[in-house]
Amino acid sequence: MTNTLLILSKDAEVYQQLLSGRLPPDIHVLATDNIESVIEMQQQITLALAEPALIAPALTKLPHLIWLQSTFAGVDALQDNSLPRHYQLTGVKDIFGPLISEYVMGHWLALLRQFSLYQAQQRQQIWQAQPYVSLQGKTMVITGTGSIGRYLAKTANNFGVKVLGINTSGKQWEEFDHCYTIAQLNTVLAQADIVVNALPATAKTQQLFNLDRFKQMANHAMFINIGRGSAVNEEHLHQALAQRMIHHAVCDVFNVEPLPTESALWQNPHITITPHNAAVSFPDQIAEIFLTNLSLLLSHKPLKYPLDLTKGY
């Protein structure tokens, strides 16, 4: 059987080079960053390696698509109920844990160790020690116990941090000291020195972090969102920070990206904003996942990292 592979990404040329000479000879490759450039070939496309937001508008025109390998961990753009779901979807896992852990622990350490204050003192040639606290004995709450959450939990444990997990069923994972259900979230938040959201976008996670949630947290606590922007009510987050319900927030994801200039969060001194780059998808890693799954597909074996769009993960 001859297959036509669509590579649809801003890094399409990079992916094409990484896959060059490593694909079966009967696979025809179309590489582009714009689906309109291959519009005449859409009926022939059976396989895709693509960014969810780029391929979503074209799904109705790809009737023969049998498998889509996402280049991103988040597949929110594919979850609209109006979009067809006649294809098998696989995602990206087991590569973002180290990057997310660096991001979370780096920001937490910078806050507790007052690194920015020392930089300010340096500019003024001030030699003055500042008080700080250790991570040892602190409690981290991670909402989302997937591969990213578990890797982060293991990293935090190495710093002497107690880690509590939140998931839909309360399933226990060895990387956590204990896991709870989302229904128990308020009780668990009260124990947190830091809360990290790593949940996917689902109906149950919409606006999960609102004013009521922030009120459960200690006023010295830190909140970090590396999951999905839809999980946070941004107006309530701004209010919680302004009223010092919580000490500081670090957000890498937002409801609308880029974050609109009129958002009050830009001017809030108690939040650190990063442009959705806490853990980027490196093409060489994605290419290896794609090749592994392609081999499994052609051998009629179950693919790695299958995603259920009805669940969102």
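**A pocket and helix H1**

Student: Which helices and strand each supply at least two residues of the lining of the second largest pocket?
Tutor: This is a predicted model, where local features need pLDDT of at least 70, side-chain atom pairs count only at pLDDT 80 or more, and totals for chains, interfaces and linings use all residues. Residues are numbered from 1 along each chain as its sequence is written, and side-chain values use heavy atoms, without hydrogens and water. Helices (H or I, at least four residues) and strands (E, at least two) are DSSP runs numbered from the N terminus. Those supplying at least two lining residues each are helix H3 (97–112), helix H4 (115–123) and strand S11 (248–251).

Student: How much space lies in the second largest pocket?
Tutor: A pocket is an open set of points on a 1 Å grid where a 1.4 Å probe fits, with protein on both sides within 12 Å along at least five of seven lines; lining residues have an atom within 4 Å of a point. The volume, the space filled by probe spheres set on the points, is about 180 Å³.

Student: Where on H1 do the buried residues lie?
Tutor: Buried (under 20% relative accessible area, 1.4 Å probe, protein chains only) describes Ala12, Tyr15 and Leu19 in helix H1 (residues 12–19). Because the directions from the helix axis to their C-beta atoms cover an arc of only 65°, they lie on the same side of H1.

Student: Which residues are exposed on the other side of H1?
Tutor: Exposed means over 50% relative accessible area. On the other side of H1, the exposed residues are Glu13 and Gln17.
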